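Here is a short set of exercises on a protein with its partners. Keep the viewer open, try each task yourself, and then compare your steps with the solution.

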Number of protein chains: 2
Amino acid sequence: MVDKSIPDIVIGRLPIYLRSLTRMMEQGRQVTSSQELGERLGISAAQIRKDLSQFGEFGKQGTGYNIEFLTRKIQEILQVDRVWEVAVVGAGDVGHAVANYGGFQHRGFRITRIFDNDPSKIGTTFNNIKVMDIERMSEEIRKAGIQVAMLTVPAGVAQEVVDILVEAGIKAILNYAPVNLSVPAGVRVQYIDPAVHLQNMTYYLD
Amino acid sequence: MVDKSIPDIVIGRLPIYLRSLTRMMEQGRQVTSSQELGERLGISAAQIRKDLSQFGEFGKQGTGYNIEFLTRKIQEILQVDRVWEVAVVGAGDVGHAVANYGGFQHRGFRITRIFDNDPSKIGTTFNNIKVMDIERMSEEIRKAGIQVAMLTVPAGVAQEVVDILVEAGIKAILNYAPVNLSVPAGVRVQYIDPAVHLQNMTYYLD
DNA sequence: TTGTTTTTGTGCAATCAAACACAAGCGCGG
DNA sequence: CCGCGCTTGTGTTTGATTGCACAAAAACAA
Ligand SMILES: NC(=O)c1ccc[n+]([C@@H]2O[C@H](COP(=O)([O-])OP(=O)(O)OC[C@H]3O[C@@H](n4cnc5c(N)ncnc54)[C@H](O)[C@@H]3O)[C@@H](O)[C@H]2O)c1
Ligand SMILES: NC(=O)c1ccc[n+]([C@@H]2O[C@H](COP(=O)([O-])OP(=O)(O)OC[C@H]3O[C@@H](n4cnc5c(N)ncnc54)[C@H](O)[C@@H]3O)[C@@H](O)[C@H]2O)c1
């Protein structure tokens, strides 16, 4: 089974499968089927089978998929069978919520740096991590070889902060600011904007 | 131009267009083109034109689109040319961050109710909104006719809370808990799970 | 062993989405 | 008023994604 450019849309579903599998494992389950997974996720069984078959033959006919094994395989594919250090920029309400959140570690991430430019925030501690001056950000990120960042600064300064992050070697940015960012090829951005998600649903309301 | 079932994927892009247009308007811009919008958003100009043309002829050849007019049209399409009342369930870190956030109002939403089941949270005030007992939730939502909710409770209780929300008449749920929810037809759910977004990007890292 | 049930992996067909390409409309300068 | 440059809206083509359907493998019972 060769690595021949898997569609982005398939990669995008893997974390969803993973989340559901983790939940089943917590419930003590041993095996599942494409049908069961599909019903839980609202995705057709055929699609799940086809997605997984892109990476190997993980199931067994007549039985289904071993949950622990499949979980491990998907973790390997997504490279979350390790823990990525994450830098958070912006020690406001959102920065505070993500820094305090305990759910990242077992999904492949650990927040180890928080930066801000407000003197009243710098030096305070969030979940045992000291908020550092943004002036030191580039050096710190580079020194620690951090590749993943979460951006929780106001929209107006998001692009300038991103430029620094990119320059410092960040390759993946999760952006909470409600603006589209411009980054060079090779840097990935994902957006979280609750208003966008809500606006997506109001179209369908009466 | 008749309303003949617009693809979900087109609806999903409209809030993105809207966000970018709003930003241009703030910068005092009057007109834009599908090309400019496309470059900002990393979407082809043709696609933007085709998306918009599904709803009417909003542009002018040789000139482009009047930003204010197009903004208004998209707001109408998405039904965010009004303000939807939103109920937040879960007065924790995330609930606190969204309740405090001032950016919803001008995008079509206002948080007017917050519910929790923790006696130490009930009665406290978030951004002028008193946290109410979840026991009163069903009645309050029904009485106020609220259709939109944000779910910021722990994953383990998310489904049971959703069942109450649905029963109370909620039609659109923005779920922050890292679990897939089961809802009847006619109720929409959107998911925000930062770990999923991050896992989506690590696949592409070296 | 044999038959029955279950469920995978996948070739093929159908559907859906994106890109291309261009006629036609608009504004403007001369 | 004419011609040129720009940009829309859209018919058509190309490409991507999903759904269908079934052979083959496994498990299990008799
Ligand atoms: N709170 C929410 O629920 C919510 C919802 C949607 C979007 N957002 C977006 O998320 C972002 C953060 O929201 P928030 O509520 O945490 O805001 P906030 O104002 O509480 O926090 C922003 C933080 O960024 C810091 N900051 C400002 N400029 C900076 C700079 N140049 N360098 C480093 N740090 C800087 C500020 O000092 C502050 O600590 C904003 O873009 C906001 O629009 C938030
Ligand atoms: N904090 C983050 O950045 C973050 C990141 C990813 C996901 N999440 C998810 O978002 C959700 C909320 O996270 P948080 O950090 O705000 O957690 P939190 O523990 O701070 O808040 C949860 C709140 O829900 C309330 N609650 C619990 N059971 C309830 C019930 N049955 N009815 C009503 N209220 C109830 C609790 O009293 C608490 O106030 C969780 O599902 C979490 O996994 C949070």
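**Exercise 1. Sort the shell around ligand 2 by residue class, then find its place and its polar contacts.**

Solution. Start with the classes: the shell around ligand 2 holds 14 nonpolar, 4 polar and 4 charged residues. Here Ala, Val, Leu, Ile, Met, Phe, Trp, Tyr, Cys and Pro count as nonpolar, Asp, Glu, Lys and Arg as charged, and the others, Gly among them, as polar. A note before you go on: this is a predicted model, in which local features need pLDDT of at least 70 and side-chain atom pairs count only at pLDDT 80 or more, while totals for chains, interfaces and linings use all residues. Residues are numbered from 1 along each chain as its sequence is written, chains are lettered from A and ligands numbered from 1 in the order in which they are written, and side-chain values use heavy atoms, with hydrogens and water left out.

Next, locate the ligand. Ligand 2 sits between chains A and B. There are 22 residues around ligand 2, and the nearest are A:Y101, B:V94, B:D116, B:K121 and B:V153; a residue is near a molecule or strand if one of its heavy atoms lies within 4 Å of it.

Now look for polar contacts (pairs of N or O atoms within 3.5 Å; within protein, one must be able to donate a hydrogen and the other to accept it, and residues adjacent in sequence count only if both atoms are side-chain atoms). A polar side-chain atom of B:D116 is 2.6 Å from an oxygen atom of ligand 2. A side-chain N or O atom of A:Y101 lies 3.0 Å from an oxygen atom of ligand 2, and for B:D93 a backbone N or O atom is 3.0 Å from an oxygen atom of the ligand.

Finish with the area. Ligand 2 alone exposes 820 Å², and the protein buries 84% of that; accessible areas come from the Shrake-Rupley method with a 1.4 Å probe, and for residues only the protein chains shown count as cover. The elements that give two or more residues to this shell are α5 of chain A together with α5 and α7 (155-167) of chain B. Helices (H or I, at least four residues) and strands (E, at least two) are DSSP runs, numbered from the N terminus.

**Exercise 2. Which residues come nearest to ligand 1, and how much of ligand 1 does the protein bury?**

Solution. Ligand 1 also has its place between chains A and B. Of the 22 residues around ligand 1, the nearest are A:V94, A:D116, A:K121, A:V153 and B:Y101. Two of these names return in the polar contacts: a polar backbone atom of A:V94 is 2.9 Å from an oxygen atom of ligand 1, and a polar side-chain atom of B:Y101 is 2.9 Å from an oxygen atom of ligand 1. For the area, ligand 1 taken alone exposes 830 Å², of which the protein buries 84%. Its shell divides into 14 nonpolar, 4 polar and 4 charged residues.

**Exercise 3. Describe how the protein meets DNA strand C.**

Solution. First, the neighbours: 26 residues surround DNA strand C, and the closest are A:S34, A:R49, A:G62, A:Y65 and B:K50. Second, the DNA side: of the strand C atoms within 4 Å of the protein, 59% belong to sugar or phosphate and the rest to bases. Third, individual contacts. The side chain of A:R49 has an N or O atom 2.8 Å from a base nitrogen, whereas A:G59 places a backbone N or O atom 3.0 Å from a phosphate oxygen. Fourth, the elements: α3(B) gives the most to this surface, with 4 residues. By class, the surface has 5 nonpolar, 13 polar and 8 charged residues.

**Exercise 4. Now do the same for DNA strand D.**

Solution. DNA strand D is surrounded by 24 residues, the closest being A:Q47, A:K50, B:S34, B:R49 and B:Y65. Of its atoms within 4 Å of the protein, 65% belong to sugar or phosphate and the rest to bases. A polar side-chain atom of A:R49 is 3.3 Å from a base nitrogen of strand D, and a side-chain N or O atom of B:Q61 is 3.2 Å from a base oxygen. The classes here are 4 nonpolar, 12 polar and 8 charged residues.
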